[in-house]
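Me: Hey, I've got a structure open and I'm a bit lost. Can you walk me through it?
Reply: Sure, let's have a look at it together.

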Amino acid sequence: MRRSAFRRSRGDGPFRFVSTGAGVILLAVMAAIGVFLIIKAIPALQANTAHFLTELTWSPNATEPAFGIGSLAFGTVLSSFLALIIATPVAVGVALFISHYAPRRLASLLGYVVDLLAAVPSVVYGLWGVTFLVPFMLGPSKFLNTYFGWIPIFGGDQVVGKSMLTASLVLAIMILPIIAAISREVFLQAPKIQEEAALALGATRWEMIRMAVLPFGRPGVISAAMLGLGRAMGETIAVALIFPATFNISFRILSANGNSIAANIANGFGEATEVGRGALIASGLVLFVITLLVNMAARLVIARRKEYARAAA
Amino acid sequence: MAKQIEVSDLDAYYGSHKAIAGVTMTIEPRAVTAFIGPSGCGKSTFLRTLNRMHEVIPGARVEGKVRLEDEDLYGPNVDPVSVRRTIGMVFQRPNPFPTMSIFDNVAAGLRLNGRFSRSELNGIVEESLKGANLWNEVKDRLGKPGAGLSGGQQQRLCIARAIAVRPQVLLMDEPCSALDPISTLAIEDLISRLKLDYTIVIVTHNMQQAARVSDKTAFFNLAAQGQPGMLVEMDETSKIFTNPAKKATEDYITGRFG
């Protein structure tokens, strides 16, 4: 029989099999992890005598286990958002300096340093935070408390080094390089023809950046910030060393307040009972959900500009 | 509004590479001057030296003088930003700001230059869009993104954006090379209207276009690949295309090279 000239090429089948397989395995593994966590968490949640979502304290190892995610979730979200608020403007500034201001030599050197910093393991930041930043922050914290104590978050009677602010600063320094590195890549890709359009209209360099670079880089910066936020929320060791590990909800970021889901897991997993482990796993699930919500929110923000993004493509 | 440009002995460099050498010419106000020549002869580079856009490229620099009426554009106290506000530019590929609406694109230059009330802005934007022959096509969708227009409309939007700031001179770097014949015709019509108010300099690869729209034509050439580009001759367009003084010009316009 004559073979058709239009027969299917032979490489296509195996390639489709491999790529589909990889996709299916990924989803299957994700689902398996989710199911596993839920199964492990259910007995602990059933043994809980308090309301898991509203309870602040965390004593799952007691004979009458009572624990709730309230203060931990609060600490996680507050510390991560503080870190994000501190880190993003600085990171965007660093990225812009590297992509549009620095002379070429300096720019490549700085870019290299930023990439390197992004790869430093978080425990190093944590140790640096404990040994240097905790004692160092006492001075500035007292200053803030004395002169800006009328702003509620800086208020409070006792000021300590191991505070929510210090932990957030360590997180900020930790996530800064990754945000800067990604933002720089995005800014470098801003179309030259639009930059020239702005310059030819008589824009200064900063005006050019505002007209042609920042609008183009916006979705990228948001993605970078979300990556940083994810890193901050999931960060364990660095903040476990610094948080005073209290179980309360307080906006006084200079006082001995603060804890996070990840830090609590790191601190508690070793000596946890069966129920205690289940409780920690349940808290991990909450962290997972929070991260998911944040990512969805970021996608919504990016999608809002879609009409323009599509037209630009 | 329109002013004369006088260039004397101008060299332009990219790093150590000399891209154009010793250009001297006078560009008349309220007329269209066309630059023609083979690829790589430095005509676009020369155009960009006229509003100090050349030096935007890292390592690029200029030697020589460019005078706009009495002012040396490369004088020690001259801010390139203010030069570019006076001498507008339209690029080869239409480049409206993709995140801005049609209205904001036209108003972009104005917002840089100072404060305007909403009604002033409305007036200037309408006038500029009419000036660029685009008003009737976009007046009902000024709030829509500029990047959603067709290529020819986008280029006219860019012209509207450039004339909105009332420049003295309008530089056009192959403004029709990315456009279809109908859009090209629209832009050419527009150029012949704009020359009543502006000094216009246009770089083009299309010799028919140069013959159609320009009053004066300058022919650029380079001695050999890697050598700097030079001005061969400049004269009335009708003379360049019928009776050029130099042999190289004749060879080029009759299609014997380039």
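Me: Let's start with chain A. How many helices and strands does chain A have?
Reply: Chain A has 12 helices and 2 strands. Keep in mind as we go that this is a predicted model.

Me: In what pattern do they come along the sequence of chain A?
Reply: Reading along the sequence, you get α-β-β-α-α-α-α-α-α-α-α-α-α-α. In words, a helix comes at the start, then the two strands, and helices make up the rest.

Me: What box do the C-alpha atoms of chain A fill?
Reply: Taken along the principal axes, the box is roughly 75 × 70 × 35 Å.

Me: And what percentage of chain A is buried?
Reply: Of the 313 residues in chain A, 43% are buried.

Me: OK, surface next. Which residues form the nonpolar patch?
Reply: The patch on the surface consists of Leu26(A), Met30(A), Phe288(A), Val289(A), Leu292(A), Leu293(A) and Met296(A). Together they have about 720 Å² of accessible area.

Me: Which helices supply at least two residues each to that nonpolar patch?
Reply: Two helices of chain A do: helix H1 (12-47) and helix H11 (274-303). The largest share is from H11(A), with 5 residues. Met296(A), for instance, sits in helix H11 of chain A.

Me: What about charge? Which residues gather in the patch of negative charge?
Reply: That one is on the surface of chain B, where Glu6(B), Glu28(B), Glu69(B), Asp70(B), Glu71(B) and Glu236(B) come together.

Me: Pick one for me. Where is Glu28(B) found?
Reply: Glu28(B) is in the loop of chain B that runs between strand S2 (17-27) and strand S3 (32-36). Its relative accessibility is 30%, so Glu28(B) counts as partly exposed.

Me: Changing topic: how many salt bridges are there over all chains?
Reply: The count over all chains is 16 salt bridges. One of them pairs Glu207(A) with Arg85(B), and their closest N and O atoms are 3.4 Å apart. This pair crosses between chains, going from helix H8 (residues 205-234) of chain A to helix H2 (residues 80-86) of chain B.

Me: Are those two buried or exposed?
Reply: They fall into separate classes. Glu207(A) has 17% relative accessibility, so it counts as buried. Arg85(B) has a relative accessible area of 22%, so it is partly exposed. The cut-off for buried is under 20%.

Me: Got another one, inside chain B this time?
Reply: Yep, Arg111(B) forms a salt bridge with Asp104(B), with the closest N and O atoms 2.9 Å apart. Arg111(B) is partly exposed at 40% relative accessibility, and Asp104(B) is partly exposed at 26%.

Me: And which residue does Asp251(B) form a salt bridge with?
Reply: With Lys247(B), and there the closest N and O atoms are 3.2 Å apart. The two are 4 residues apart in helix H10 (residues 247-253) of chain B, so about one helical turn separates them. Asp251(B) is buried, with a relative accessible area of 16%, while Lys247(B) is exposed at 56%.

Me: Which residues are joined into one network by salt bridges that share partners?
Reply: Asp115(A), Arg184(A) and Glu185(A) are joined that way.

Me: Nice. Now show me something buried in a strand.
Reply: Try Thr217(B), in strand S9 (residues 216-222) of chain B. Thr217(B) has a relative accessible area of 0%, so it is buried. Its side chain makes a polar contact with the side chain of Ser214(B), at 3.2 Å.

Me: What about Leu171(B): where is it found?
Reply: Leu171(B) is in strand S7 (residues 169-173) of chain B, and at 0% relative accessibility it counts as buried. The C-alpha atom of Leu171(B) is 4.6 Å from that of Met89(B), although the two residues are 82 apart along the chain.

Me: Last one. What does the side chain of Asn95(B) reach?
Reply: It reaches the backbone oxygen of Ile193(A), at 2.8 Å. Asn95(B) lies in the loop between strand S6 (87-90) and helix H3 (102-113) of chain B. With 1% relative accessibility, Asn95(B) counts as buried.

How values were computed: Residues are numbered from 1 along each chain as its sequence is written. Chains are lettered from A and ligands numbered from 1 in the order in which they are written. This is a predicted model: local features need pLDDT of at least 70, side-chain atom pairs count only at pLDDT 80 or more; totals for chains, interfaces and linings use all residues. Side-chain values use heavy atoms; hydrogens and water are left out. Patches are made of residues with over 30% relative accessible area and no salt bridge: like charges are joined within 9 Å, nonpolar side chains (Val, Leu, Ile, Met, Phe, Trp, Tyr) within 5 Å. Accessible areas come from the Shrake-Rupley method with a 1.4 Å probe; for residues, only the protein chains shown count as cover. A salt bridge is a side-chain nitrogen of Lys or Arg within 4 Å of a carboxyl oxygen of Asp or Glu. Lys and Arg count as positive and Asp and Glu as negative; His and the chain ends are not counted. The place of a charge is taken as NZ of Lys, CZ of Arg, CG of Asp or CD of Glu. Buried means under 20% relative accessible area, exposed over 50%, partly exposed in between (1.4 Å probe, protein chains only). A polar contact is a pair of N or O atoms within 3.5 Å; within protein, one must be able to donate a hydrogen and the other to accept it, and residues adjacent in sequence count only if both atoms are side-chain atoms.
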